[in-house]
Amino acid sequence: MTKILLVDDRPENLVALEAALRPLGQDLIAAQSGEEALRCLLNDDFAVILLDVQMPGMDGFETAAHIKERERSRHIPIIFLTAISRELHQQLRGYEVGAVDYIAKPFDPWVLRSKVAVFVDLYDKTRRVEEQAAQLTRSNRELEQFAEIVSHDLRNPLVSVVGYLQMLADGSAGELSGDAKEFVERSLRAAESMGTLIDDLLSYALAGKAVGTLRATDAGQAVDRALSNLHADIVSAGATINTKTLPVVRADSSQLTRLFQNLIGNSVKYRSDERPLHVDIGAERESDHWMFSVVDNGSGLASDEAGSVFTMFYRGSSAQGRPGTGIGLAICKKVVEGHGGRIWAEPGDGGGTVVRFTLPAADGGAHN
Ligand SMILES: Nc1ncnc2c1ncn2[C@@H]1O[C@H](COP(=O)(O)OP(=O)(O)OP(=O)(O)O)[C@@H](O)[C@H]1O
Ligand SMILES: [Mg+2]
């Protein structure tokens with residue numbers, strides 16, 4: 001039940017208010033002075049306060065001023081109850097006490113009830129939205145933890161499955177018949193791709209933890225590390241990678257390496273059979289951040305695909321027959337957003353793919 005606070009020094013007025021509002025079916029709390037009202041507000045949350053203006057001791061305006069001073073109660077709407085007069089009308093309008101409305105005494109119960117009902121409704125809806133937001137944050141955190149734990153715990157048994165399969169495959173347990181050998185090899189390949197999936201899931205879960213460890217990081221060095229990790233693939237693809245001079249950004253350096261590695265790795269994996277692969281990596285300054293681009297002349301994206309490629313497990317038309325789990329770009333998105341940036345993809349001009357992302361500049365724009 002939602003609470004409504006009724007404040008009036010006269011008991012008969014409180015009775016009249018209660019009678020008018022009872023049909024709303026809410027919890028009506030009565031206070032006979034400003035002081036008592038402030039005490040009620042210490043412990044409870046209210047959807048709306050009905051506040052008599054003329055009271056001995058602390059009057060309605062003073063009470064309202066105190067209510068607005070306190071963090072806990074400052075957002076609660078106040079409806080003043082007052083005998084209407086010209087001066088009061090002016091006073092209420094000019095008074096900066098945050099009244100949302102006022103009602104003239106003697107009041108019409110129907111008008112009072114409908115005004116209060118609006119605030120009760122607003123309060124209930126706000127609460128629901130807040131609860132949903134908190135629930136979402138909780139589920140997100142739980143999901144990340146879940147992915148992290150599951151991938152950790154799945155990895156160990158898988159290592160021993162792969163180990164034993166390998167021993168079977170290379171004959172350590174005696175020669176296998178033709179069929180058995182093939183079955184073992186298939187199992188081994190399946191177990192290995194399961195290992196990749198688990199590693200990718202773990203990376204995805206960890207990618208959200210970038211925030212908090214950001215420091216000035218040379219993007220050029222991150223690209224060099226990514227290129228060295230991809231060296232064998234780049235050489236066997238006969239690819240040319242052009243890196244312009246890259247800036248220093250505020251980033252987590254191992255996540256930045258992973259980001260470039262996933263993007264350049266994609267360019268290599270999804271290269272075209274028709275031309276040698278060229279990849280250009282560059283960055284342009286835009287106010288307080290840098291916009292990076294990884295441009296390739298590979299098999300390209302369909303125009304309706306550019307928005308989907310960052311979705312977890314999405315594999316595009318170019319992915320047919322090539323290994324992968326569809327997590328790489330989801331990780332990139334998480335890394336970039338964890339750094340406060342944006343990432344998007346576009347089909348390149350002459351075929352191929354352009355991926356752009358932004359990262360905060362290390363100098364935060366102070367020198368530009
Ligand atoms: N440079 C690129 N050129 C063409 N297609 C691309 C490129 N990068 C990504 N894609 C398309 O986007 C899809 C999603 O990419 P993503 O990196 O997320 O997954 P993946 O490469 O399929 O698997 P993973 O990276 O998890 O091993 C790919 O399956 C591919 O179809
Ligand atoms: Mg990939």
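This short presentation covers the domains of a predicted model and the surroundings of its ligand 1.

Good morning, colleagues. I shall begin with the protein chain as a whole. Its domain assignment gives domain 1 at residues 3–107, domain 2 at 141–209 and domain 3 at 215–360. Between the centres of domain 1 and domain 3, taken over C-alpha atoms, the separation is 60 Å.

Let us now turn to ligand 1. Where does ligand 1 sit? The space that ligand 1 takes is the largest pocket. Around ligand 1 there are 21 residues, and those that come nearest are Tyr 270, Arg 315, Ser 318, Ile 327 and Leu 329.

Which elements give two or more residues to this shell? They are helix H9, spanning 253–269, and helix H10, spanning 328–338. Helix H9 supplies the largest share, namely three residues. In character, the residues of the shell divide into seven nonpolar, 10 polar and four charged.

I come next to the individual polar contacts. Tyr 270, already named among the nearest residues, has a side-chain N or O atom 2.7 Å from an oxygen atom of ligand 1. The side chain of Thr 325 likewise places an N or O atom 2.9 Å from an oxygen atom of the ligand. With Asp 296, the partner is a nitrogen atom of ligand 1, which lies 2.8 Å from a polar side-chain atom of that residue. As for how far the ligand is enclosed, ligand 1 on its own has 590 Å² of accessible area, and the protein covers 94% of this.

Thank you for your attention.

How values were computed: Residues are numbered from 1 along each chain as its sequence is written. Chains are lettered from A and ligands numbered from 1 in the order in which they are written. This is a predicted model: local features need pLDDT of at least 70, side-chain atom pairs count only at pLDDT 80 or more; totals for chains, interfaces and linings use all residues. Side-chain values use heavy atoms; hydrogens and water are left out. A residue is near a molecule or strand if one of its heavy atoms lies within 4 Å of it. A polar contact is a pair of N or O atoms within 3.5 Å; within protein, one must be able to donate a hydrogen and the other to accept it, and residues adjacent in sequence count only if both atoms are side-chain atoms. Accessible areas come from the Shrake-Rupley method with a 1.4 Å probe; for residues, only the protein chains shown count as cover. On a 1 Å grid over the protein atoms alone, a cavity is a set of points where a 1.4 Å probe fits but cannot get out, and a pocket is an open set with protein on both sides within 12 Å along at least five of seven lines; lining residues have an atom within 4 Å of a point. A molecule sits in a cavity or pocket if more than half of its atoms lie within 2 Å of its grid points. Helices (H or I, at least four residues) and strands (E, at least two) are DSSP runs, numbered from the N terminus. Ala, Val, Leu, Ile, Met, Phe, Trp, Tyr, Cys and Pro count as nonpolar, Asp, Glu, Lys and Arg as charged, and the others, Gly among them, as polar. Domain bounds come from an automatic or database domain assignment.
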